[in-house]
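Me: Please take a close look at one part of this protein chain, a nonpolar surface patch, and set it in the context of the whole fold.

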Amino acid sequence: AAGIVVDWQPAATLPPIIGRPLQLRMLFKALVDNAIEAMNIKGWKRRELSLTSAVDRDCIVVAVADSGPGIPPEWRHKAFEPFFTAKNGSGKHMAPAFARQQVVADHGGIIDLEESASGGCAAIVEFRLDGDPI
C-alpha cells in the first residue's frame, strides 16, 4: 500500500538456532516496521526494502535495509536507548531499544545500524550458530 519495492534474498537454508520464536518474530517485525516508517515521508520517491539472510563466520546474519533518509552516524548508538526518536517529538517508540536489549541480547546476538547501499539505514543482526554470546 505504501508503494515499497521489496527485495527479499533469504538464504536457501539456514541452520537452526535455539531461541524464542515469538520474540524473534517480534524483533524482525519491529525492524521491518521501522524501515517502512522511515520511508513513509510525504514526497519520498525511492521506497525500497531489502531483506537478506546468510551464514557468515559461524553466524546467522540477517539484514533489514531501507532507502529512507538514514540515521546520522552520531545517532546510531543512541538509537538503542529507550524512547529515542529521530522524529521531532512525535511518535516515540522503543523498538530499537527493545530489539537490542530484550531479544538480540537474550539470544546472545548483536545488532548494529549501518548506512544501507541505497543511503538509508541497515539493521544488521547476528546470532552465533553455537549459541555462545557474541
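Reply: What follows goes from the patch to the neighbouring helix and then to the chain as a whole.

This is a predicted model, in which local features need pLDDT of at least 70 and side-chain atom pairs count only at pLDDT 80 or more, while totals for chains, interfaces and linings use all residues. Residues are numbered from 1 along each chain as its sequence is written, and side-chain values use heavy atoms, with hydrogens and water left out.

Leu14, Val55 and Leu129 make a nonpolar surface patch of about 210 Å² (patch residues have over 30% relative accessible area and no salt bridge, that is, no side-chain nitrogen of Lys or Arg within 4 Å of a carboxyl oxygen of Asp or Glu; nonpolar side chains are joined within 5 Å, like charges within 9 Å; areas come from the Shrake-Rupley method with a 1.4 Å probe, and for residues only the protein chains shown count as cover). Leu14 has a relative accessible area of 36% and is therefore partly exposed, a class that lies between buried, under 20%, and exposed, over 50%.

Leu14 sits in the loop between strand S1 (5–9) and helix H1 (21–39), where helices (H or I, at least four residues) and strands (E, at least two) are DSSP runs numbered from the N terminus. Within H1, the buried residues are Leu24, Leu27, Ala30, Leu31, Ala35 and Met39.

The protein chain has two helices and five strands, arranged along the sequence as β-α-β-β-α-β-β. Of its 134 residues, 33% count as buried, and the chain exposes about 8200 Å², 57% of it supplied by carbon and sulfur atoms.

Notes. Buried < 20%, exposed > 50% of the residue type's maximum accessible area, 1.4 Å probe, protein only.
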